[in-house]
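Me: I have this model open and would enjoy talking it through with you. Where shall we begin?

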Amino acid sequence: MNFLSAENISKSFTERWLFKNITVGIAEGQKVALVGINGSGKSTLLKVLAGKIMPDNGTVTFRKGTTVGFLDQEPDLNPEHTVYEALFSAESDTIKAVKAYEIAIESGDGDLMQTAMERMDELNAWDYDSRVKEIIAKTGLQHLDQKIATLSGGQKKRVALAQLLIEDPQFIIMDEPTNHLDLETIEWMETYLTQKNKTLLLVTHDRYFLDAVVDQILELEDGAIFKYDGDYSYFLEKKAEREQIKDAEIEKARNTMRKELDWIRRQPKARGTKAKYRVDAFYVLKEKAEQRKIQQKLELNLKTSRLGGKIIEADKISKSYAGKDIVKDFSYVFKKKDRIGIIGKNGVGKTTFLNMLTGITAPDTGRVDKGQTVTFGYFSQMGLDIDGNQRIIEVVKEIAEFIETGDGVKISASQFLSLFLFPPEMQYTYVNKLSGGEKKRLQMLTILVRNPNFLILDEPTNDLDLVTLSVLEEFLLNFGGCLLIVSHDRYFMDKLADHLFIFEGDGVIKDYPGNYSQYREYLEEEEELEKARAEEKIPVTVASVVAEKAESKKLSFNERKEYETIENELAALEAEKQSTIALLSAGGDDHKLIAELSKKIKEISSEIEQKTERWMELAEKV
């Protein structure tokens with residue numbers, strides 16, 4: 001039996017069907033991604049499946065007793081709550097057990113303590129505290145007493161993500177979970193979701209995340225669902241095959257329709273009723289023949305302003321806030337066709353750095369000297385700064401009535417919008433009616449229409465669909481100006497940036513000659529080097545560590561010795577834990593002893609977890 005079964009569900013807004021009579025089934029343990037172009041209804045479908053909104057028809061059911069957690073793109077958190085209150089607002093069985101245990105300790109009631117401890121054992125809740133601390137740390141949450149109302153949109157998303165992972169439901173539904181997270185957090189979550197025996201349904205544009213986590217992809221297109229069993233690479237291959245078959249079927253239907261149309265026109269009216277079945281079949285055929293043979297695609301071919309010899313020179317610039325260094329003595333001379341990626345944890349100063357380069361923010365010391373021919377195109381995280389009651393075409397016409405393309409042809413604002421997948425019938429839609437991805441696409445359009453030669457993109461991939469991302473990447477690969485990117489999308493970064501500015505904290509910015517994947521390999525080599533030094537106590541080069549790793553995956557002498565003893569250590573720790581629990585149960589009214597024993601149980605549990613992880617690492621090598 002499926003964990004989730006949705007049968008013949010439909011949903012429409014105004015006169016448009018987002019999806020109609022679709023059926024979806026997800027089995028226990030499956031990890032499924034939902035993909036589709038912006039505006040196709042992905043977020044709406046997730047909300048229907050999560051029970052947040054009702055379908056117009058059809059049914060959605062979960063297996064009885066299944067716990068379900070939902071991460072929305074824009075989480076609805078109580079603004080009056082603190083971060084701590086938001087994280088623990090749900091009353092799960094584990095949270096209740098931990099609370100009951102803490103109350104029992106305070107009461108000193110032996111019977112109550114015994115009941116609470118049995119419940120903790122039953123739910124394996126002893127490690128709950130360490131798991132919560134890991135989740136809070138990895139999601140980058142600080143100042144847990146801060147009010148939700150004071151947080152940014154990205155901070156709220158991280159609070160909602162941490163809340164979901166702490167609740168630990170059996171079935172997790174997530175809408176763009178990687179948005180607003182730094183690269184380190186995304187990689188941690190990728191590992192976390194892969195290792196956990198969870199059932200997962202998500203919408204994401206992160207292609208590395210898709211390849212690493214999911215085992216099935218559902219594509220929502222033209223109101224229908226298409227299923228692909230495999231990762232993102234397999235999906236691309238099979239989707240291309242499906243579209244070729246569909247194109248062939250449409251062409252065949254068109255050829256047949258021409259013959260049928262000729263037959264209908266030649267039939268005398270008196271004989272028309274005798275072949276009603278054939279006339280009915282003709283209109284079914286006509287509907288299929290009129291389908292779009294080739295999916296409309298986003299096209300980017302725009303003029304780029306000439307860029308002179310002098311671009312931007314940053315000379316020993318520094319910036320600090322409240323005594324904290326954001327940028328310290330940074331210097332760099334930008335060159336033509338520089339393609340630079342910027343990475344670093346959230347809050348480390350990346351946006352402040354971009355604002356200094358563009359002149360929005362002045363450095364405390366040093367100078368930024370911009371060449372006369374530089375025309376910035378700055379795609380910021382803040383989104384569109386326009387009136388939501390404006391129509392799409394009005395937004396573009398305010399900038400230019402006519403736009404010059406890369407081959408020198410001038411086109412109207414309406415034609416330009418059509419190239420960006422805003423067809424004429426959509427151009428008079430109000431901006432506040434657009435989906436998140438459509439607003440991002442419109443924001444990108446308003447930047448490129450000004451023909452910039454120095455593009456700064458601060459998290460441009462948030463909310464964009466995979467098709468739009470692919471075409472945007474091709475445009476940026478051929479872009480003749482300078483490119484500066486802040487992005488958590490590793491695939492996007494790997495494809496476009498050939499060296500990195502790495503924000504290490506305390507104002508330090510490191511210039512690394514390579515893309516993100518190469519940087520990750522470098523960090524792993526450094527980690528191997530440090531590990532080798534710690535184990536062997538002798539100088540080791542990175543090259544020798546990598547060579548040794550490639551030559552053999554066998555255990556070293558020290559590792560084999562550790563592997564042989566660790567099982568006995570685990571058994572001893574488990575025995576010690578049980579004996580301590582027994583002492584705690586017989587502790588009577590000695591509150592001091594109870595507190596000491598409780599602390600000891602937590603310490604033993606933590607040590608067991610650490611040694612178990614180490615044993616698993618060694619077991620893989622064996």
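Me: Let's settle a term to start: buried means under 20% relative accessible area, exposed over 50%, and partly exposed in between, with a 1.4 Å probe and protein chains only. Of the 622 residues of the protein, what percentage count as buried?
Reply: This is a predicted model, in which local features need pLDDT of at least 70, side-chain atom pairs count only at pLDDT 80 or more, and totals for chains, interfaces and linings use all residues. Residues are numbered from 1 along each chain as its sequence is written, and side-chain values use heavy atoms, with hydrogens and water left out. For the 622 residues of the protein, the share that counts as buried is 45%.

Me: What share of the contacts with a separation of 6 or more is between residues 24 or more positions apart?
Reply: Helices (H or I, at least four residues) and strands (E, at least two) are DSSP runs, numbered from the N terminus, and here the secondary structure comes to 20 helices and 20 strands. A contact means heavy atoms within 4.5 Å. Among contacts with a separation of 6 or more, the part from residues 24 or more positions apart is 68%.

Me: Thanks! How many residues of α14 are buried, and which elements are included in what covers them?
Reply: Helix α14 takes in residues 436–448, and it is mostly covered, with eleven of its 13 residues buried. Those buried residues include G437, L442 and I447. Their cover includes β14 (376–379), α12 (392–397), α13 (413–419), β17 (454–458) and α15.

Me: How far apart are the end C-alpha atoms of α14 and of α15?
Reply: The expected span of a helix is 1.5 Å times one less than its number of residues. For the 13 residues of α14 that gives 18 Å, and the end C-alpha atoms, 19 Å apart, agree with it. For the twelve residues of α15 (466–477) the expected span is 16 Å, and the end C-alpha atoms agree, at 16 Å.

Me: And which residues of α15 are buried?
Reply: An α-helix has 3.6 residues a turn, so residues three or four places apart point the same way. In α15, the buried residues are L466, T468, L469, L472, E473, F475 and L476.

Me: Which backbone atom does the side chain of N478 reach?
Reply: N478 sits in the loop between α15 and β18 (482–486), and it counts as exposed because its relative accessibility is 65%. K337 is 141 residues away in sequence, yet the two C-alpha atoms are 9.9 Å apart. A polar contact is a pair of N or O atoms within 3.5 Å; within protein, one must be able to donate a hydrogen and the other to accept it, and residues adjacent in sequence count only if both atoms are side-chain atoms. The side chain of N478 reaches, at 3.1 Å, the backbone oxygen of E474.

Me: Is S318 buried or exposed, and what does its side chain reach at 2.8 Å?
Reply: S318 lies in strand β10 (residues 312–321) and counts as buried, because its relative accessibility is 12%. Leaving out residues up to four places away in sequence, S318 touches V327, K328, D329, M356, P363, D364 and T365. At 2.8 Å, the side chain of S318 reaches the backbone nitrogen of D329.

Me: What are the phi values of N21 and E176?
Reply: Most residues other than glycine have a negative phi, and most peptide bonds are trans. N21, in strand β2 (residues 16–26), is partly exposed at 46%, while E176, in the loop between β6 (171–175) and α7 (183–195), is buried at 5%. Neither follows the usual sign: phi of N21 is near 55°, and that of E176 is about 50°.

Me: Last one: what is the volume of the largest cavity?
Reply: On a 1 Å grid over the protein atoms alone, a cavity is a set of points where a 1.4 Å probe fits but cannot get out, and lining residues have an atom within 4 Å of a point. Grid points are joined across faces, edges and corners, and a volume is the space filled by probe spheres set on the points. The search finds five cavities of 30 Å³ or more, and the lining of the largest cavity includes L181, I342, K350, E459 and H488. The volume of that largest cavity is about 60 Å³.

How values were computed: 1 Å grid on protein atoms, 1.4 Å probe; cavity = no way out; pocket = protein on both sides within 12 Å on 5 of 7 lines; lining within 4 Å.
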